[in-house]
Amino acid sequence: MPMKSSMKKLLILFYFIIFSCLINFAAAETNKFRSREASDDSLGYPEIDEESLLNTKCPRNLELRWQTEVSSSIYATPLIADINSDGKLDIVVPSFVHYLEVLEGSDGDKLPGWPAFHQSTVHASPLLYDIDKDGVREIALATYNGEVLFFRTSGYLMVDKLEVPRRKIRKDWHVGLNPDPVDRSHPDVHDDTLIQQASETKLHSQTNGSAPLGNSSVTSSTSGSVGSSGNEGKINSSQAETDIKMATSVDNSTRNAGTTETTKAENSTSSGRRLLEDTNTKGTQDGGSDPNVDSKENVQAATVENDEGLEIEADKSFELFRDSDELADEYNYDYDDYVDDNMWGAEEWAEDKHEKMEDYVNIDSHILCTPVIADIDNDGKQEMIVAVSYFFDHEYYDNPEHRSELGGIDIGKYVAGGIVVFDLDTKQVKWTRELDLSKDSGDFRAYIYSSPTVVDLDGDGNLDILVGTSFGLFYILDHNGKVRDKFPLEMAEIQGSVIAADINDDGKIELVTTDTHGNVAAWTPEGVEIWEQHLKSLVPQRPTVGDVDGDGHTDIVVPTISGNIYVLSGKDGSFVRPYPYRTHGRVMNQVLLVDLSKRGEKQKGLTLVTTSFDGYLYLIDGPSSCADVVDIGETSYSMVLADNVDGGDDLDLIVTTMNGNVFCFSTPAPQHPLKSWRSPNQGRNNVANRFGREGIHISQSSRAFRDEEGKHFWLEFEIVDGYRSSGSQAPYNVTMTLLVPGNYQGERRITQSQIYNSPGKYRIKLPTVPVRTTGTVVLEMVDKNKIHFSDEFSLTFHMYYYRLLKWLMVLPMLGMFGLLVILRPQEAMPLPSFSRNTDL
């Protein structure tokens, strides 16, 4: 009996061990982020009570300063900068189709020489960089067809450009793949044991073998018809202007969350307002649909606007826009008329001819996000880091002539992603890192929609590259392109950029990622999860960081397409009440955090500023979530920007829409340099509110537009960093750069650097150039975590001196003339006569 009892116990223990192993194995097979669903996206939006929405209890008293219409829809966020060093801010607007435009911040008028034409479409925000080393920063624009173009401040398209090479892979790379050959549920997806097991499985299950892969751990192959996925709408950009499919669509990522139900819910929400969009544009708001399907089928995939017909009187009000042939000349502006068409060439872009290869294929390169400019390897030279999506544009290759170049391959089986780094001195590729490789028919594909983030994670002085992919992988690469240990990490599809910030106020950098299944996760630089939160809605853009409620702790603001705006505690990811705030349509842009306190008013917390697909601009008070709204009647994908653009002393907001309108709203809040948001990442890698937190700015007296003479001038600035209880982020490496254009024969970049060990006010002496010219002073700072801050202003040299010389020449002449007038004879006197006839 004791023997049997022992055997029984051993059997029970054995079965328990087997059962535990099976449970653990099943858990390992399932990734928690991918198993969740964005369930809130299938719910409808609430009814819009316009009266209560507009009759707010917390008015912000916005005033419309000006409004301008550009050539086409605006998808990417503009850039605010003084591009011609005249002391006035301009707004660089990348319209989606063919044009780059520059508007004067004071009144919204187009600068002379603009808009500038190019052949492609744009998913990226413009950048500034002096590519030809002449002391003037050109406007860099990454385009859909894999090129980075450079425009002079006059609107001239330069010959210099960066071209992303195609990616070469084997034609049969996809042959013999299992639906999922590798278990990628572990943080380290390069597990050699898993790869070996997958290879053995394929050897037993496949009779013809499989093609060798460069990185099988990031290869996806699932059954389904090629080209049936909604993401094609995101990357198919050669369509007509009124039928644009955006890169931040909800496409496949909401497939499991009830995309059909979402569309129905959106169309069923009624409102008395009607967004000012033409019929075909409605299809774009659904975000992404199969380009192989007639666009008319997608027209009804609207958001929450009223789909009913207009009343007769309201319909007549649109006759002005319909009868364009009868419009007055001032309304009949044609962007193609004011410059000779011969200067611009063909309107549509074309891929270079493909080299015919027997075993390999070169996949076309495309840029679907904004690059980053930084010195990643600390060699004193700037690099441009570009996240590249490789695929064949379906609409372009629907043309039989173009399709014939590919030799009959199935273009839906070739989608890839990678990072390409350019040396901006030589304009050549420095290195390339190939990342994901997939087919176009899977749930997760290898596109890259999120801009790279660069930050020093290990303190070696070199910048690491952080990027999330549509394949659901979060990579960290070093300055040479090597993947960091324990990376990539796996989530669902990542559309928003990875943010690097001190979110729990411990003085160290944490990393935050979001995905299309509604997951938000915080990680250490080593890949250890700190916390995670499920918001149940697709997150289309990266979060923003700041102290929203004024309690002294850092919060994270996350937009979602369910219309909810969430505020999470940076410490543990818990919900900050009374959030989420509910809008009545999708929120597709990064939320602006800004202090809108009036003069003399001490108000804690920040204001959340964003647009929603319900056609309203929202200004939400951080501590109370009380909102003021402005009815702009249009949808927007781009972030709201803030700065003093009109030359006054208040803070202005810049709002751009898919209808191609640019709005400038003035606020009663006083302007401060640390309140400005001139670009989504504020220069390089900073997505946190700077005012009252951390930053560097030039004093008001030093930044005033003026003329400098003599041999040198002083510049006053202040380093701000005092919000953390854990101490400052010193040391601060401050670099002052003076850009000198014109006929100056010396160095066009005069640079001084100094390290400061504490916050405070400082002065630095800069040389004055001995020629008559303009200049731009750029002040940059990186803290110990290599978070980048910047400020800049423009000035002139010796302009007034030459004016003085002019007056020194003119004044003596005027004095002599005046003296002659004063000393002239008072009475008429006869002239002397020498005539001999005195009687006459």
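Visitor: When do two strands count as paired, and which residue stands opposite Asp650?

Guide: Two strands pair if DSSP finds at least two bridges between them, strands (E, at least two residues) and helices (H or I, at least four) being DSSP runs numbered from the N terminus. The model is predicted, so local features need pLDDT of at least 70 and side-chain atom pairs pLDDT 80 or more, whereas totals for chains, interfaces and linings use all residues. Residues are numbered from 1 along each chain as its sequence is written, and side-chain values use heavy atoms, without hydrogens and water. Strand S35 (residues 650-656) and strand S36 (residues 661-670) pair in the antiparallel sense over six bridges, and opposite Asp650 stands, in S36, Pro670.

Visitor: Which are the edge strands of the open sheet in the order S1-S36-S35-S34?

Guide: Four strands form this open sheet, with antiparallel pairing. The strands that pair on one side only are strand S1 (63-69) and strand S34 (641-643).

Visitor: Is Arg703, the salt-bridge partner of Asp791, buried or exposed?

Guide: A salt bridge is a side-chain nitrogen of Lys or Arg within 4 Å of a carboxyl oxygen of Asp or Glu, and the side chains of Asp791 and Arg703 meet in one at 2.6 Å, N to O. The pair links distant parts of the chain, 88 residues apart, with Asp791 in strand S44 (residues 788-797) and Arg703 in helix H11 (residues 700-703). Buried means under 20% relative accessible area, exposed over 50% and partly exposed in between, with a 1.4 Å probe and protein chains only. Asp791 is buried at 8%, and Arg703, because its relative accessibility is 16%, also counts as buried.
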